[in-house]
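Here is a set of short exercises to work through with the model open beside you. Try each task yourself before you read the solution.

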Amino acid sequence: MRAWMLDAPGTPSSFYIKEIPIPTPEAGWVLIRVKAFGLNRSEHHTLKGLASGVIFPRVLGIEATGVVAAAPGGEFKAGQQVCAMMGGMGRVIDGGYAEYTCVKAENIIPFASDLDWSLLGGVGEMLQTSYGSLSIGLDAKKGESILIRGGTSSIGMATAVLAKQLGMTVFSTSRTEKKTDALKKVGVDHIIIDDGNVAEKVRAIALEGVDCALELIGTDALPDTLRACKVKGVTCFTGMLSNNWIVKEFYPIEYLPRGVRLTAYGGGANDLPQHVLQEYLDAVKAGTAIVPIDKVFQFEQLPEAHERMDAGRAAGKMVVMTGM
């Protein structure tokens with residue numbers, strides 16, 4: 001099979017295609033014929049040398065979507081549609097940047113859909129992170145307001161879709177006017193241009209602040225995001241698009257606004273119930289939800305996709321098709 005290899009951290013040109021053996025799954029593991037896979041900031045961090053615990057050389061990719069090729073433990077049937085995520089993929093075991101990948105059964109979620117693989121390939125990890133952030137990190141409720149800081153990222157746009165389905169009022173940020181149309185398409189109620197002072201702009205609309213906020217930029221933006229929340233509001237730290245995720249000399253009483261709560265989210269496949277994935281795909285099919293895709297690439301174009309991520313040009317999820 002063909003796989004994109006990375007021998008060490010570097011640049012997008014450091015990836016190279018290599019013919020390697022198709023993995024042979026043991027009991028408890030599942031071999032997936034990969035149809036498509038999404039790009040994630042996790043892989044960007046690995047490429048840049050910012051991730052810890054990665055064993056090189058490695059096939060990156062913390063997610064993959066395709067069909068079951070073999071499941072010796074009987075957890076899934078051959079030909080069944082599945083998405084796989086996390087569980088060490090792309091870090092300590094070879095991940096989704098390949099024509100086949102072998103993953104523990106516990107990190108796989110089945111689904112049934114006739115949507116195009118270019119859409120299906122962008123859903124798994126994106127939906128898991130968005131749903132987990134809303135349900136576990138924020139405990140979001142119908143009728144509440146939410147600020148999504150980093151709104152044109154794939155997670156930000158998927159969270160906007162889920163939040164609108166939940167009946168929330170959505171504030172979402174973009175650093176440029178050029179990407180605001182993408183936010184309008186996912187139903188954002190209030191688009192905020194992020195010049196570093198988002199809290200003031202949010203409070204000009206919601207005087208007391210928002211009920212909850214999702215931080216996807218990083219710890220450099222986090223204090224301002226916290227100030228956008230009302231008393232007893234909550235901010236969930238989920239992403240670090242700026243590559244900043246450490247708060248130095250953290251003094252909680254000084255750092256946290258009065259009565260505002262700070263939490264964080266990081267999870268895996270177990271946080272995305274199968275019915276939530278299926279209902280989301282069914283809603284996309286029915287036209288009541290969308291998959292916020294930025295651009296679809298062919299397998300040979302992977303370095304080009306990473307260059308687009310590096311440059312910050314994406315508004316939504318980038319998906320790579322394997323042609324399998």
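**Exercise 1: Unusual backbone geometry**

Task: In which loop is proline 57 found, and what kind of peptide bond joins phenylalanine 56 and proline 57?

Solution. Step one is the location: proline 57 sits in the loop between H1 and strand E4 (63-70). Helices here are DSSP runs of H or I with at least four residues, strands are runs of E with at least two, and both are numbered from the N terminus. Step two is the bond: phenylalanine 56 and proline 57 are joined by a cis peptide bond, with omega about -5 degrees. For background, most peptide bonds are trans, and most residues other than glycine have a negative phi.

Before going on, please keep in mind that this is a predicted model, in which local features need pLDDT of at least 70 and side-chain atom pairs count only at pLDDT 80 or more, while totals for chains, interfaces and linings use all residues. Residues are numbered from 1 along each chain as its sequence is written, and side-chain values use heavy atoms, with hydrogens and water left out.

Task: Where do aspartate 139 and asparagine 243 lie, and what is the phi of each?

Solution. Start with aspartate 139, in the loop between helix H3 (124-137) and strand E8 (145-149). Its phi is near 50 degrees, a positive value in a residue other than glycine. Aspartate 139 has a relative accessible area of 46%, so it is partly exposed (buried means under 20%, exposed over 50%, partly exposed in between, with a 1.4 Å probe and protein chains only). Then take asparagine 243, in the loop between strand E12 (229-237) and helix H8 (252-255). Here phi is near 70 degrees, again positive in a residue other than glycine. Asparagine 243 counts as partly exposed because its relative accessibility is 26%.

**Exercise 2: Two domains and their interface**

Task: Describe how domain 1 and domain 2 meet.

Solution. First, fix the bounds: domain 1 covers 2-125 + 291-321 and domain 2 covers 138-264, as given by an automatic or database domain assignment. The centres of the two domains, taken over C-alpha atoms, are 28 Å apart.

Second, look at contacts (heavy atoms within 4.5 Å): 12 residues of domain 1 touch 13 residues of domain 2. The area buried between the domains is about 910 Å², with carbon and sulfur atoms giving 61%. Buried area is the accessible area (1.4 Å probe) that two parts lose on being put together, summed over both. On the domain 1 side, Arg41, Pro292 and Ala315 lose the most area to domain 2, together 43% of what that side buries.

Third, check for charge pairing: the rule finds 0 salt bridges across the interface of domain 1 and domain 2 (a salt bridge is a side-chain nitrogen of Lys or Arg within 4 Å of a carboxyl oxygen of Asp or Glu). Helix H1 (residues 41-48) gives the most to the side of domain 1 that touches domain 2, with 3 residues.

**Exercise 3: Salt bridges along the chain**

Task: How many salt bridges does the rule count, and which parts does the pair of lysine 164 and aspartate 189 link?

Solution. The count comes to 16 salt bridges. In one of them, the closest N and O atoms of lysine 164 and aspartate 189 are 2.9 Å apart. This pair links distant parts of the chain, 25 residues apart: lysine 164 is in helix H4 (residues 154-166), and aspartate 189 is in the loop between helix H5 (180-185) and strand E10 (190-193).

Task: Which elements does the salt bridge between aspartate 294 and arginine 308 tie together?

Solution. The closest N and O atoms of aspartate 294 and arginine 308 are 2.7 Å apart. Aspartate 294 lies in strand E14 and arginine 308 in helix H10, so the pair ties together parts 14 residues apart in sequence. Arginine 308 counts as buried, because its relative accessibility is 18%.

**Exercise 4: A histidine in a helix**

Task: Is histidine 306 buried or exposed?

Solution. Histidine 306 lies in helix H10 (residues 302-311). Its relative accessibility is 0%, so histidine 306 counts as buried. Leaving out residues up to four places away in sequence, histidine 306 touches Pro12, Phe15, Leu39, Glu43, His44, Leu47 and Tyr97.
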